[in-house]
Amino acid sequence: MSDKMLVHRELFDEVMVPNYSPSKVIPVKGKGSRIWDQQNNQYIDFAGGIAVNCLGHCHPKLVQALTEQGQKLWHLSNTMTNEPALRLAKKMTDATFADKVYYANSGGEANEAALKLARRWALDNYGEEKTHIIAFKQGFHGRTFFTVSVGGQPAYSDGFGPKPGDIYHAEYNNLDSVKALISDKTCAVVLEPLQGEGGIISPTEEFIKGVKELCNTHNALLVFDEVQTGVGRLGHLYAYMGLGVTPDILTTAKALGGGFPIGAMITTTDIAKHLKIGTHGSTYGGNPLACAVAEAAFDTINNAELLKAVGQKSERFKQALEAINAKHNLFSEIRGKGLLIGAVLTEEYKGRAKELLLFAMDKGLMTLIAGANVIRFAPSLVIPDGDIDAGMKLFEQAVEKFLQS
Ligand SMILES: *Cc1c(COP(=O)(O)O)cnc(C)c1O
């Protein structure tokens, strides 16, 4: 053991800014879909670091990429480019609609770049009037002031003074609400191709295709925030590939680095050219260490067999949840796609998702919530079937405790 200082959960309240309320558990080690805490208690991980750990914990290929690059070169900043950044960009553009990549360090930053690019594109092509951004209620796009204002939960953007302007919110899956807001002044429509934080809500085909048509009619860019849905999460490399609708700009982060912080905005040459030299930037964006790990994650996930298996694991998850619900009847719906799944509490248990999450944690199972009524599951995309089954046994025990409480 090292001479590192012993720390406890109480220290969090002493030394951390109080914007989070983390679990009492402090994990110290992870392997695949298992995690161990300071007391060596074991957990099954159905949370995946909020849809980040796409290959579980300490996947050998990611550890190898990290340690190899860690001995070569960590950081240069953007006065120089580097090999991992170029290789990853080549692979991302080969695998998607996009021709160009801008690197960031997080989802919020990738979205910030997308929004700034949309405004620049509109200014250059159509002049100063085309500034409106349409986003959706319950949408989530990050915590920078621009992205949180585009997000559809005023509670997150209120209380910080004047907000960036010309942002309007329509209702997800309600095409008429988009029609009512869109005009030739709209520069971009921004949406998640499955609302994650907002409660695991899939778009209807009519809605997503209709939004694309409205964007075409009004010369507005369609921006897909795939920060949560991207990199295999929904069983396609990117969710747009399963929807038959191609965006003009796409943002990706969370699973992109498999646990190492990185984000990216990708787009076409014609749109990208409006972010000219000096218009935007980031010190760390495209950092070789981050890109080396992300390249290894991308290579592993961009694989037909792995993506097909995500669909099978999704079915296994949903069937297990349906079976639990058939016995205990506490969910009104099991929804979602791929390995982004939501179990919605019935009216009777409304607002109590966090309580159920805490019972699961007590049983040794890590889950997430998406709002007050939905338990969310975003496990590793390569979680072994045995861990799904074992985790679901724990979840059923947690449900029983919850119902007795
Ligand atoms: C998590 C998330 C973000 C924010 O990403 P950060 O890395 O926390 O900045 C943005 N958009 C969506 C859809 C997300 O799920």
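On a 1 Å grid over the protein atoms alone, a pocket is an open set of points where a 1.4 Å probe fits, with protein on both sides within 12 Å along at least five of seven lines, and its lining residues have an atom within 4 Å of a point. This is a predicted model, so to speak: local features need pLDDT of at least 70, side-chain atom pairs count only at pLDDT 80 or more, and totals for chains, interfaces and linings use all residues. Residues are numbered from 1 along each chain as its sequence is written, and side-chain values use heavy atoms, leaving out hydrogens and water.

**Pocket**
- Around the centre of the second largest pocket, the nearest of its 27 lining residues are Asn 78, Val 101, Tyr 102, Tyr 103 and Gly 285.
- That second largest pocket holds about 610 Å³ of space, taken as the space filled by probe spheres set on the points, with grid points joined across faces, edges and corners.

**Domains**
- The protein splits into domain 1 (9–58 + 304–404) and domain 2 (73–301), with bounds from an automatic or database domain assignment.
- Their C-alpha centres sit 27 Å apart, and the contact (heavy atoms within 4.5 Å) takes 24 residues from domain 1 and 23 from domain 2.

**Cores**
- The largest nonpolar core (buried Ala, Val, Leu, Ile, Met, Phe, Trp, Tyr and Cys joined through side-chain atoms within 4.5 Å; buried is under 20% relative accessible area, 1.4 Å probe, protein chains only) has 80 residues, with Leu 356 and Phe 395 making the most contacts inside it.
- This core draws at least three residues from each of domain 1 and domain 2.
- Beyond four places in sequence, Leu 356 touches Phe 395, Leu 330 and Ile 375, among others.

Definitions and conventions:
Buried means under 20% relative accessible area, exposed over 50%, partly exposed in between (1.4 Å probe, protein chains only).
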